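Reader: I am in my first year and would like to look closely at one part of a structure. Please take a single helix and go through what it packs against and which rings it carries.

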Amino acid sequence: MISLDLIFAIIPGIILFLYGIEQFSREFQVAAGEQFRALIQRFTSTPLRGTVAGAIVTALVQSSTATTVITVGLVNAGIISFAASLGIIIGSNIGTTFTTQLIALNLTAFAPVFILAGFLIGIVGGKYRVFGRPVFYFGLVFFSLSMISTIMEPYRFDPQLISLLSFLDNVFLEIAFGFLVTTIFQSSAVTTGLVIVLTQNGLVTPDLAIPILLGANLGTPTTSLLVAWRMNTAAKRAAMAHFLFNFLGVLIFLPFLGPFTDLVINLGGSPGQQVANAHLIFNISCAGIFLVAIRPFSYLVKKAVPGREDDIVFLPRFLKKPLPDDTDSAIEMIEKEIIHLLEIGGEMLRECNNLLDTPDAPFQRVQQLREYAHYLDDQIADAILEMSRRDLERGDAAYYAVLLRISSHGRVLADEAGDFSDILLQSRERGLEFSPDSILIQKDLLASCERNVGILRDAFPDMSDRVDAAMRSIDETLRVEITRHYHQHVIRISSGKSTASSTISRMLFHIEGMAATIRELRKSTRLLRMV
């Protein structure tokens with residue numbers, strides 16, 4: 001009988017595990033530089049390559065749970081797309097087959113090393129200091145898994161657990177048992193290792209052990225589903241893909257379980273080897289099936305988890321490396337990427353407007369867009385720097401300088417929109433409420449800013465007199481409206497009607513900053529005609 005003391009000992013480990021994963025995703029997003037992003041993206045550029053990468057990583061870390069949960073974190077951080085994650089998820093199940101052969105090799109034993117290394121890197125890491133936190137939280141993830149496994153270790157050979165096996169006289173009960181044990185241990189490696197040991201000792205037969213392994217596959221996705229609950233749509237889809245892959249795989253094999261078991265037994269080997277072979281054949285067969293049907297499988301996952309389709313993945317939309325030798329083509333790429341950066345700024349303004357409308361909406365996307373804008377600005381700056389190394393005329397250098405300035409202003413606009421959303425988040429946490437009039441005012445101001453960005457985006461890099469006049473008109477209206485609302489706000493403060501006076505002042509200040517940045521974007525674009 002599992003005691004309450006054991007349950008309350010496990011709960012902190014699970015909480016620590018979830019916290020470590022969430023923080024790892026956040027810190028990984030900060031630390032992941034361009035080269036590492038490119039490496040991950042190259043390894044997941046096709047489903048087959050992703051499958052190989054997922055199998056290798058899982059074989060190394062000895063945990064498909066860790067692989068898929070970290071993959072969900074990478075999707076949430078925008079390092080890889082949902083589509084790219086499918087290969088890793090498929091491959092992770094193949095990687096678990098190595099666990100049955102190398103059950104003694106356990107990365108959780110090295111968790112304290114990662115924690116200590118992350119701590120030391122964070123203190124004395126120099127230029128690598130930014131990697132200290134991700135390494136620390138990576139170690140924390142495995143430390144928590146180790147803590148859970150240590151707590152549950154005595155129950156692997158508990159007589160009550162072994163006697164329970166005698167009641168498993170039904171395939172569905174056997175699958176349910178594998179699911180339950182894997183969910184409790186948070187690792188299919190524990191279940192498969194236990195089943196193989198029991199089989200080797202003659203406590204269970206292969207025809208009993210194989211359905212338990214199928215149930216273990218069903219239990220593996222529970223952690224990634226739980227972790228993805230607070231993440232974005234793409235991360236939720238990655239977790240759902242993991243569940244559906246395992247669930248549908250079991251359904252496919254279930255009608256053929258008898259012939260499949262006979263096949264494995266006929267292949268020979270000890271009973272333990274037969275179970276390990278069944279595990280290997282099952283996972284490789286499922287991987288092959290889903291790789292062939294990757295597109296309909298992706299469509300099924302998207303139907304199961306509806307939501308927005310615009311994943312944020314840290315890749316330029318137009319810039320290529322290396323840049324074309326043709327100068328005009330290279331400049332066109334840079335200009336298009338700046339337009340893309342302006343689109344990100346406009347989307348952030350729109351998201352901030354939606355947050356005013358929907359207090360319960362998640363804030364995560366705004367912050368991801370902010371980081372993406374930083375990334376794009378860095379990419380544009382690198383491309384302009386590369387262009388500046390070529391033989392340039394004086395006018396070319398001036399043109400590049402203005403493009404660089406426009407890109408920097410695009411980054412500033414994203415920062416201001418991100419700061420605005422931060423204020424909204426802090427207000428929510430403090431329980432502050434804004435009057436309907438105040439919300440309506442700020443929504444109108446943000447909509448005017450978004451409209452001005454849209455006019456610039458559609459015209460860039462040209463700035464005709466008509467476009468210039470249209471943007472000036474909106475800008476002048478914004479100045480007048482912001483001044484008027486400042487005045488009204490002061491009146492509300494003096495009358496004691498405002499309960500969030502400083503917060504509203506800060507929000508108006510950031511909207512004013514956005515309007516000023518858009519004004520500088522207009523002026524800088526105007527300069528392109530003069531150089």
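Author: What follows is a walk around one helix, α13, in a model that is predicted.

Helix α13 covers residues 233-253, and one of its neighbours is helix α11, residues 206-219. Two packed helices are described by the angle between their axes and the distance between the axes. For α11 and α13 the angle is about 155° and the axes are 8 Å apart. An angle over 145 degrees counts as roughly antiparallel, and α11 and α13 are therefore roughly antiparallel to each other. Their crossing is left-handed. On the α11 side the contact consists of L214, N217 and L218, and on the α13 side of N246, F247 and V250. Sorted by class, this contact of α11 with α13 has four nonpolar residues, two polar ones and no charged ones.

Another neighbour is helix α16, residues 294-304. Here the axes come within 9 Å and cross at roughly 120°, which makes α13 oblique to α16. This crossing of α13 and α16 is right-handed. From α13 the contact takes R237, M240, A241, L244, F245 and L248; from α16 it takes F297, L300, V301, K302 and A304. The residues of the contact of α13 with α16 divide into nine nonpolar, no polar and two charged.

Now the rings. A pair of aromatic rings is described by the distance of the centres and the angle of the planes. The whole structure has nine aromatic pairs. In one of them, F243 and F247, the ring centres are 5.5 Å apart and the planes lie at 15°, so the pair is stacked. Both residues belong to α13 and sit four residues apart, about one turn of the helix. F243 has 26% relative accessibility and so counts as partly exposed. F247, which also takes part in the contact with α11, has 34% and likewise counts as partly exposed.

F245 and F290 form a further pair, with centres 4.9 Å apart and planes at 70°, so this pair is edge-to-face. F245 lies in α13 and F290 in helix α15, residues 271-292, so the pair ties together parts that are 45 residues apart in sequence. Both F245 and F290 are buried. Together with F297, they form one aromatic cluster. F245 and F297 have already appeared above, as members of the contact between α13 and α16.

Terms used. Residues are numbered from 1 along each chain as its sequence is written. This is a predicted model: local features need pLDDT of at least 70, side-chain atom pairs count only at pLDDT 80 or more; totals for chains, interfaces and linings use all residues. Side-chain values use heavy atoms; hydrogens and water are left out. Axes are lines fitted to C-alpha atoms, for helices over the stretch in contact, and angles run from 0 to 180 degrees between N-to-C directions. Helices (H or I, at least four residues) and strands (E, at least two) are DSSP runs, numbered from the N terminus. Angles under 35 degrees count as roughly parallel, over 145 as roughly antiparallel, 65 to 115 as roughly perpendicular and the rest as oblique. A crossing is left-handed if the near helix is turned anticlockwise from the far one by less than a right angle, and right-handed if clockwise. Contact means heavy atoms within 4.5 Å. Ala, Val, Leu, Ile, Met, Phe, Trp, Tyr, Cys and Pro count as nonpolar, Asp, Glu, Lys and Arg as charged, and the others, Gly among them, as polar. Rings of Phe, Tyr and Trp (its six-membered ring) pair if their centres lie within 6.5 Å; planes under 30 degrees apart count as stacked, over 60 as edge-to-face and the rest as tilted. Buried means under 20% relative accessible area, exposed over 50%, partly exposed in between (1.4 Å probe, protein chains only).
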